[in-house]
Amino acid sequence: MSLVDPASDTLAEPAPAPSGPAPAPTPDVWGHLPAEGWGSIVPRRRIGRRVAAAVVLVLLALAVLSVVRNDAFQWDVVADYFLTTAVLRGLGLTLWLTAVVMALGFVLGTLLATLRLSANPVLRAVGWGYVWLFRSTPILVQLLFWFNIGALYPTILGVRTVSLLSPVAVAVIGLTLHEAAYATEVVRGGILSVDKGQLEAAQSLGLGPWRRLRRIVLPQAMRAIVPPAANMLIGTLKGTSIVSVIAVQDLLYSVQLVYHRTYQVIPLLLVATLWYIVVTSLLGVGQHYLERRYARGTAGAR
């Protein structure tokens with residue numbers, strides 16, 4: 001096709017097409033090659049990764065087979081006791097104890113977090129001292145202390161302490177006070193993650209401190225609170241097994257009662273282990289969807 005040269009009113013011949021192969025595309029400043037200009041890009045073969053993955057899969061398969069085929073695990077006994085009334089009763093107490101401790105722990109932890117963030121130095125000191133004390137002592141020591149509180153206070157409000165505080169009540173008190181110390185730091189960290197401009201805007205609207213906390217701060221802080229709180233929930237579920245030392249008939253204590261009678265220690269421990277795995281897995285799924293709910297509208301939502 002010919003072109004008209006406007007300067008001479010004559011037909012101009014088109015520029016000849018360049019001969020030879022097309023030049024290779026030039027990488028950008030970061031070293032990335034553009035996709036255009038290439039017929040196909042062959043990915044680099046990573047033999048080492050494939051070999052490592054194959055070795056891991058083989059070792060994992062051998063481990064699973066060794067567990068399944070090992071008669072010492074007595075899987076038939078595990079199946080017999082997995083849904084027995086005693087085990088399910090212990091599981092129910094474990095779940096109830098976990099729910100009560102987490103609810104009370106976060107109520108107390110939220111209160112203590114507000115004390116730690118207070119402008120009053122006395123309130124800040126009280127909140128800090130509580131967290132310092134209960135995080136500095138093992139939970140087993142705390143439970144044993146509360147279990148033997150009758151040695152210090154034989155009567156409370158005219159009632160014998162032994163009659164007032166049953167092993168289950170001692171477990172609730174001890175675990176709640178312990179978890180509240182960690183919940184305090186979780187809530188405090190979530191509150192500190194809220195932008196200060198939100199607090200200033202709420203204050204400019206005339207909202208009181210408690211309304212600012214309930215309507216403005218906590219809903220936004222939940223994005224930072226939910227992940228560690230979910231981890232605390234799973235940790236509390238497993239941590240309730242420690243109440244077996246004060247004869248609270250939770251899941252672990254229930255299977256202990258059985259194997260003390262039958263001497264089938266390994267299969268009964270496997271029963272408790274499998275139930276803990278099942279419940280923690282379900283809690284992990286719930287954590288995933290809860291995090292997605294509170295992450296809506298942010299870059300981390302997926």
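Ala 86, Val 87, Gly 90, Leu 91 and Thr 94 of helix α3 meet Leu 251, Ser 254 and Val 255 of α10. That contact divides into five nonpolar, three polar and no charged residues. The model is predicted. Its protein chain holds 11 helices and four strands. Helix α3 is the thread of this briefing, followed by α11 and a few single residues.

**The chain as a whole**

- The protein chain has 302 residues, and buried residues make up 28% of them.
- Take the contacts with a separation of 6 or more: 69% of these join residues 24 or more positions apart.

**α3 with α10**

- The two axes come within 7 Å and cross at roughly 155°.
- Angles over 145 degrees count as roughly antiparallel, so α3 is roughly antiparallel to α10.
- The crossing of α3 past α10 is right-handed.

**α3 with α7**

- Helix α3 covers residues 85-116 and helix α7 covers residues 167-192.
- They pack at an angle of about 45°, and their axes are 6 Å apart.
- This angle makes α3 oblique to α7.
- α3 and α7 cross in a right-handed sense.
- The residues of this contact divide into 18 nonpolar, five polar and four charged.

**α3 with α4**

- Helix α4 spans residues 121-136.
- The axes of α3 and α4 come within 7 Å, crossing at roughly 135°.
- The pair is therefore oblique.
- Here the crossing is left-handed.
- From α3, the contact uses Leu 108, Leu 112, Leu 115 and Arg 116.
- From α4, it uses Leu 123, Arg 124, Gly 127, Trp 128, Tyr 130 and Val 131.
- By class, the α3 and α4 contact has seven nonpolar, one polar and two charged residues.

**Helix α11**

- Helix α11 runs over residues 265-294, which is 30 residues.
- At 1.5 Å a residue it should span 44 Å, and its end C-alpha atoms are 43 Å apart, so the two values agree.
- Its buried residues include Pro 267, Leu 268, Leu 270, Val 271 and Ala 272.
- Trp 275, Tyr 276, Val 279, Thr 280 and Gln 287 of α11 are buried too.
- The buried residues of α11 pack against four helices by name: α2 (75-81), α3, α9 (209-239) and α10 (251-262).

**Tyr 81**

- Tyr 81 lies in helix α2.
- Its C-alpha atom is separated by 7.1 Å from that of Val 271, although the two residues are 190 residues apart along the chain.
- Beyond its neighbours within four places in sequence, Tyr 81 is in contact with Val 87, Val 258, Thr 262, Gln 264, Leu 268 and Val 271.
- Two of these partners, Leu 268 and Val 271, are among the buried residues of α11.

**Gln 142**

- Gln 142 belongs to helix α5, residues 139-147.
- Its relative accessible area is 5%, so Gln 142 is buried.
- Setting aside neighbours within four places in sequence, Gln 142 is in contact with Phe 134, Thr 137, Gly 174 and His 178.
- Among these partners, Phe 134 falls within the 121-136 range of α4, while Gly 174 and His 178 fall within the 167-192 range of α7.

**Positive phi outside glycine**

- Gln 74 is not a glycine, yet it has a positive phi of about 55°.
- Gln 74 sits in the loop between α1 (47-69) and α2.
- With 29% relative accessibility, Gln 74 counts as partly exposed.
- Ala 247 is likewise not a glycine and has a positive phi of about 65°.
- Ala 247 sits in the loop between α9 and α10.
- Ala 247 has 46% relative accessibility, so it counts as partly exposed.

Conventions. Residues numbered from 1 in each chain as written. Predicted model: local features only at pLDDT ≥ 70, side-chain atom pairs only at ≥ 80, totals over all residues. Heavy atoms only, no water. Axes fitted to C-alpha atoms, helices over the stretch in contact; angles between N-to-C directions. Helix = DSSP H or I, 4+ residues; strand = E, 2+ residues; numbered from the N terminus. Parallel < 35°, antiparallel > 145°, perpendicular 65-115°, else oblique. Left-handed = near helix turned anticlockwise from the far one by under 90°. Nonpolar A, V, L, I, M, F, W, Y, C, P; charged D, E, K, R; others polar. Expected span 1.5 Å × (residues − 1). Buried < 20%, exposed > 50% of the residue type's maximum accessible area, 1.4 Å probe, protein only. Contact = heavy atoms within 4.5 Å.
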